[in-house]
Amino acid sequence: MNWVLVTSAINSHYDNVAVDQRFQQTLMTGQSLKQKLEPCRTLLIETAMEPLTNDQKQQLQLVFDGVVEFHGDPLMRQIHDCAASDVAWIKTPGELHALSSVIRVLPDVQPRDRIWKISGRYQLDHDYDIAQHDQPGRICLLARKPCVVYYIPDTELRHTPRYPCRYHSRLYSFCGSLLPVMQDRYQAMFRHVIDQYSAGCFTDIENTMFEFLHDLDPIELHRVGVSGQQADDLCFITE
């Protein structure tokens, strides 16, 4: 069985993608999963503070097996309140908190099952090959990329990664036998990010994933087979 966790924030207003466009792209994500990743159970994880409308939820439930909303979660609310409207400070801790919470309650995951994480609004494309991800006991993700030092807009902060590389988080998967390990790693990554932010430092999910997952010797793929539009600059990318 393939368990697919789709992280999303449909009714958010902190980037360049309109809500209606984000909603339609998320529907396309669910449709592509059903077409290319059967058998699978798909779970949409909504991290926006504005809840889904009844109409949105009804349409999403037609293509996803479940929808979990975090708008009523106290810790998610605290993350949003502390970060104000800056998506750079919301996305990483919000996503890690949601994933950490959800994978602890997945029912009846077997060691040979595969758990996938895909970012909402992206779709599996023609380069997607499930066989290359079918690696018992391993994490599979896009090959590491070099890190860069960059300045955080409108602040005096400079992000200087502690490691020279980063992993991308749009699509990756891990074997069901690693579920207990990943439960602990997601919690550790979340604590690390909060500690960094509390100290006035910045980090993102890509650098954090490399820092906490590279010792598990992931299989690094040249292409993972996912395409979609980036939220910050609206560029269409393929990985």
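**Notes on the predicted model**

1. Let's start with Pro-164: leaving aside residues up to four places away in sequence, Pro-164 touches Lys-145, Pro-146 and Cys-147. Please keep in mind that this is a predicted model. Pro-164 belongs to the loop between β9 (158-159) and β10 (165-166). Is Pro-164 buried or exposed? Its relative accessibility is 57%, so Pro-164 counts as exposed, the cut-off being over 50%. If you would like a distance for orientation, Val-226 is 62 residues from Pro-164 in sequence and 24 Å from Pro-164 in space, C-alpha to C-alpha.

2. Next, a peptide bond to look at. Glu-38 and Pro-39 are joined by a cis peptide bond, with omega at about -5°. You will find Pro-39 in the loop between α1 (19-36) and β2 (40-46). As background, most peptide bonds are trans, and most residues other than glycine have a negative phi.

3. That brings us to two backbone angles. Arg-121, a residue other than glycine, has a positive phi near 85°. Arg-121 sits in the loop between β4 (114-119) and β5 (122-124), and with 7% relative accessibility Arg-121 counts as buried. Asp-217 also has a positive phi, near 55°, and is again a residue other than glycine. The loop that holds Asp-217 runs between α7 (205-213) and β12 (219-221).

4. While you are at the loop between β4 and β5, have a look at Gly-120, which is placed there too. Gly-120 has a relative accessibility of 8% and therefore counts as buried, under the 20% limit. Outside the residues up to four places away in sequence, Gly-120 touches Val-6, Thr-7 and Thr-29. Phe-23 is 97 residues away from Gly-120 along the sequence, yet the two C-alpha atoms are 9.2 Å apart.

5. Gly-120 also leads to Ala-9: 111 residues separate the two in sequence, while 8.0 Å separates their C-alpha atoms in space. Ala-9 lies in the loop between β1 (2-8) and α1. Because its relative accessibility is 10%, Ala-9 counts as buried. Which residues does Ala-9 touch, not counting those up to four places away in sequence? They are Tyr-14, Arg-22, Glu-46, Thr-47 and Ala-48.

6. Now for a helix pair. How do α1 and α2 (54-63) pack? Their axes are 9 Å apart and make an angle of about 20°. An angle under 35 degrees counts as roughly parallel, so α1 and α2 are roughly parallel to each other. From α1, the contact uses Val-19, Phe-23, Thr-26, Leu-27, Gly-30, Gln-31 and Lys-34; from α2, it uses Gln-56, Gln-59, Leu-60 and Val-63. By type, the residues of this contact divide into 5 nonpolar, 5 polar and 1 charged.

7. One of those α1 residues deserves a closer look. Gln-31 lies in helix α1 and is among the residues that meet α2. Gln-31 has a relative accessible area of 39%, which means that it is partly exposed. Gln-31 and Leu-124 are 93 residues apart in sequence, with 9.5 Å between their C-alpha atoms.

8. For a contrast in setting, turn to α7. How many of the 9 residues of α7 are buried? The answer is 9 of the 9, so α7 is largely enclosed by the rest of the structure. The buried residues of α7 include Ile-205, Met-209, Phe-210, Phe-212 and Leu-213. Glu-206, Asn-207, Thr-208 and Glu-211 of α7 are buried as well.

9. Finally, the second largest pocket, which holds about 200 Å³ of space. Its lining has 11 residues, and Gln-78, Ile-79, Cys-82, Ile-194 and Tyr-197 lie nearest its centre. The elements that give two or more residues to this lining are α3 (74-83), α4 (87-103) and α6 (179-198). Which element gives the largest share of the lining? That is α3, with 5 residues. Sorted by type, the lining of the second largest pocket has 9 nonpolar residues, 2 polar ones and no charged ones.

Methods. Residues numbered from 1 in each chain as written. Predicted model: local features only at pLDDT ≥ 70, side-chain atom pairs only at ≥ 80, totals over all residues. Heavy atoms only, no water. Helix = DSSP H or I, 4+ residues; strand = E, 2+ residues; numbered from the N terminus. Buried < 20%, exposed > 50% of the residue type's maximum accessible area, 1.4 Å probe, protein only. Axes fitted to C-alpha atoms, helices over the stretch in contact; angles between N-to-C directions. Parallel < 35°, antiparallel > 145°, perpendicular 65-115°, else oblique. Contact = heavy atoms within 4.5 Å. Nonpolar A, V, L, I, M, F, W, Y, C, P; charged D, E, K, R; others polar. 1 Å grid on protein atoms, 1.4 Å probe; cavity = no way out; pocket = protein on both sides within 12 Å on 5 of 7 lines; lining within 4 Å. Points joined across faces, edges and corners; volume = space filled by probe spheres on them.
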